[in-house]
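Please open the model in your viewer and keep the sequence panel beside it, since this tour moves from one selection to the next.

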Amino acid sequence: MQIALKERDFMKTNLGRSNMNTINIRRHPDSGYDAWLAFAGIDKDGTIYSHTLPESIYTFGRDPLLDTARDELKCALKLLTGKMPKVVDSPAKSGSILLEILAGPVRTDSFVPEEEWNKLGSEGYIIKYCNTASGKNLLITAKTGAGVLYGVYALLRLVQCGTLTQDIYLLENPVTGLRMLNHWDNLDGKIERGYAGSSIFFEDNKFIMDLSRIRDYARLMASIGLNAVVMNNVNVHKTETNLITSAFLPKVAKVAEIFRKYGIKTFLSINYCSTMEIGKLDTADPLDEGVKSWWANKAKEIFETIPDFGGFLVKADSEFRPGPFTYGRNHAEGANMLAAALEPFGGLVIWRCFVYNCTQDWRDRVTDRANAAYDNFMPLDGLFADNVLLQIKSGPMDFQVREPVSPLLGGLKKTNFVLEFQITQEYTGQQRHLCYLAPLWKDVFDFDTYRDGAGSTIASLLSGAAASGRLSGITAVANIGNDMNWTGHDLAQANFYCYGRLAWNPGLSSEEIAKEWVIQTFGCNPHLLDTITGMLLESHHIYESYTSPLGIGWMVNPNQHYGPNVDGYEYSAWGTYHRADHEGLGVDRTVAAGTGYAGRYNKPVSELYENPKTCPEELLLFFHRVLYKQKLKSGKTLIQHIYDSHFEGTGKAEQLVIKWSGMKDLLPPQTFERVLNRLAEQAKHSKEWCDVVNSYFYRKSGIPDNKGRQIY
Ligand code: GCW
């Protein structure tokens, strides 16, 4: 089977290859539905890469996930090459792909020596060629069916990216055991902070009848290594509280069955007050015996219906959700009570740390929302049960375009944690603006917390936990909905994709992930590859430069969080202030004179942030109050930096439209139009941001732009 990768004619390949695979993938040419799993096919001319792939598949071992892996491979190879591979019952001849589960390196004919096998984790895989008595075969070995499945997707990625060579050797393990997506979906079908249509799980207070879309979603998740899902919103309202009752559990089980086929565990968000709302108790006190036994029985009922149920995600005592505080109990007491109920069945409690005072007086300059998660949870370090993980947002505020990394992540030493990102672009343009989030997330993974001395990056804390047998994880709020292309903005699929790739391996670069995604989604035309990759890589910086400056955040319209409103949250109760006046802006979070937040970090990070001279400039206004006339490292004054970055940002947003327009002939027409429309809206809207922010600060400061550009 000759693979030749080349500049693709998308219309031809997509339209020409429908309906011909065993797992019956729906084909929606030019709709974006197939995302990076289009396997759009490979034409004969214009080869930039060529490789001969085995034509048959042989499996060794028994596991439902091995069957999934084989079917995925068959289907993808058929789509890529036009030729259906044979499934054979022995690897007698050369030219097979061997998919094997190797429970132990004991087989005498094993192609994986013991020391290699020992390096494999439970979800890892090895891809290599091996010489059998009868010839050369391509091997994917893992300890589990899940490992083989991830190996198959990795192989397909290599094939498409042109990096599968005859001497390929790839041994990969994920950095952490729990790689999750959180959906903020409500049973009525609405998605809190969703920008791509309605829920794929629920509508009209019921489960959606047609589950095929969930299956296709599970494929997308598994293909990038994700293995856990929470299908309902962390804000668990009245109807959703019933998801753990017999009215809904059988349906949850049906969905869990679909996810299970792709190695994905199902979790539910629960209402902390369930004992009162659906039980008949008059308390939710975690130390009450009645409450404990209610949850123990509930856990039993759930696991009887879904034996591999993952556990509960809990938002408690946060943004008006109930929690243990009502009963004078702390978060450890609340979480441990649930953990005890789930423990006999292997279930987990994932307890969110997004706990802060959302009824703050804006006049109060002592209370600082940035301190809240740290101050609430650090005193409890070491008090949580082994099956509890604290879910910590990546920054101390709330998924702003720029924030420091949460000091709680590098503070806790004796508590399991899950790092939380937000893929859905609540504060980063709501999937109407292009904002590729990999660079932002890379900064988080690479951040050195100094928890155990230099080199204690977030990525290493995660891998260290995994190596020492402790639970750890990464999660993110999903950006998908029932829009045909999943994410509204076609290019926002790159955020879904890069999230999974980074949750598997945070060491990948933003650029290599972007390239992988572009090739698999749009093909490998060099101009297209360079241009789209370039657009993705510059997009976060562009968005940041025309929105809120130097880490201060917010400045958005209240509630919906789209569009500029500099004072939108300035006189509100949510604890998110920029404190601008006629002389300057920024929040003093130093230990010496401010809210003391900088001191929550380990040394030397705390010292770095404490001092405005060493504080990274992109976070300057987060940590310090700065006068408009003060000079930055660039030699510009703060006010001139604000003007310049906003004008530059909006100019670059206009360039994105031009860059995209130049690829009209290389892209499928509807995809081209959809993205063009979004980019045009972004360009227009970036000007709104630019003019509102610049005018605001011009009016506050009275200092004109030294380039004399129009400010209102
Ligand atoms: O940023 C806020 C969002 C809420 C969300 C909350 C959270 C689900 O605006 O919509 O609630 O974060 O993370 O719990």
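For sorting residues by class, Ala, Val, Leu, Ile, Met, Phe, Trp, Tyr, Cys and Pro count as nonpolar, Asp, Glu, Lys and Arg count as charged, and the others, Gly among them, count as polar. Please keep in mind throughout that this is a predicted model.

Begin with the ligand and select the residues of the shell around it, which divide into four nonpolar, three polar and eight charged. Which of the 15 residues around the ligand come nearest? They are Glu 192, Lys 315, Lys 393, Asp 398 and Glu 426.

Now show side chains and look at individual atom pairs, beginning with Glu 192, where a polar side-chain atom lies 2.5 Å from an oxygen atom of the ligand. Select Arg 193 next, and you will find a polar side-chain atom 2.9 Å from an oxygen atom of the ligand, while Arg 352 places a polar side-chain atom 2.7 Å from a ligand oxygen atom. If you then turn on a surface, bear in mind that the ligand on its own has 340 Å² of accessible area, and that the protein covers 97% of it.

Leave the ligand and select helix α4 (residues 145-161) together with helix α15 (residues 510-522), which pack at an angle of about 80° with their axes 10 Å apart. Because angles of 65 to 115 degrees count as roughly perpendicular, α4 is roughly perpendicular to α15. To see where they touch, highlight Arg 157, Gln 160 and Cys 161 on α4, and Glu 516, Ile 519 and Gln 520 on α15; by class, this contact has two nonpolar, two polar and two charged residues.

For another helix pair, select α19 (residues 638-661) and α20 (residues 669-701), whose axes are 9 Å apart and which pack at an angle of about 170°. That angle makes α19 roughly antiparallel to α20, and their contact, sorted by class, has 19 nonpolar, eight polar and two charged residues.

The last stops concern the backbone, and a general point helps here: most residues other than glycine have a negative phi, and most peptide bonds are trans. Select Glu 319 in the loop between β14 (311-314) and α10 (331-342), where phi is near 45°, a positive value in a residue other than glycine. Finally, go to Pro 604 in the loop between β19 (584-585) and α17 (605-610), and look at the peptide bond from Lys 603 to Pro 604, which is cis, with omega near 0°.

Note on methods:
Residues numbered from 1 in each chain as written. Predicted model: local features only at pLDDT ≥ 70, side-chain atom pairs only at ≥ 80, totals over all residues. Heavy atoms only, no water. Axes fitted to C-alpha atoms, helices over the stretch in contact; angles between N-to-C directions. Helix = DSSP H or I, 4+ residues; strand = E, 2+ residues; numbered from the N terminus. Parallel < 35°, antiparallel > 145°, perpendicular 65-115°, else oblique. Contact = heavy atoms within 4.5 Å. Near = heavy atom within 4 Å. Polar contact = N/O pair within 3.5 Å; in protein donor to acceptor, adjacent residues only side chain to side chain. Areas by Shrake-Rupley, 256 points an atom, 1.4 Å probe, with all protein chains shown as cover.
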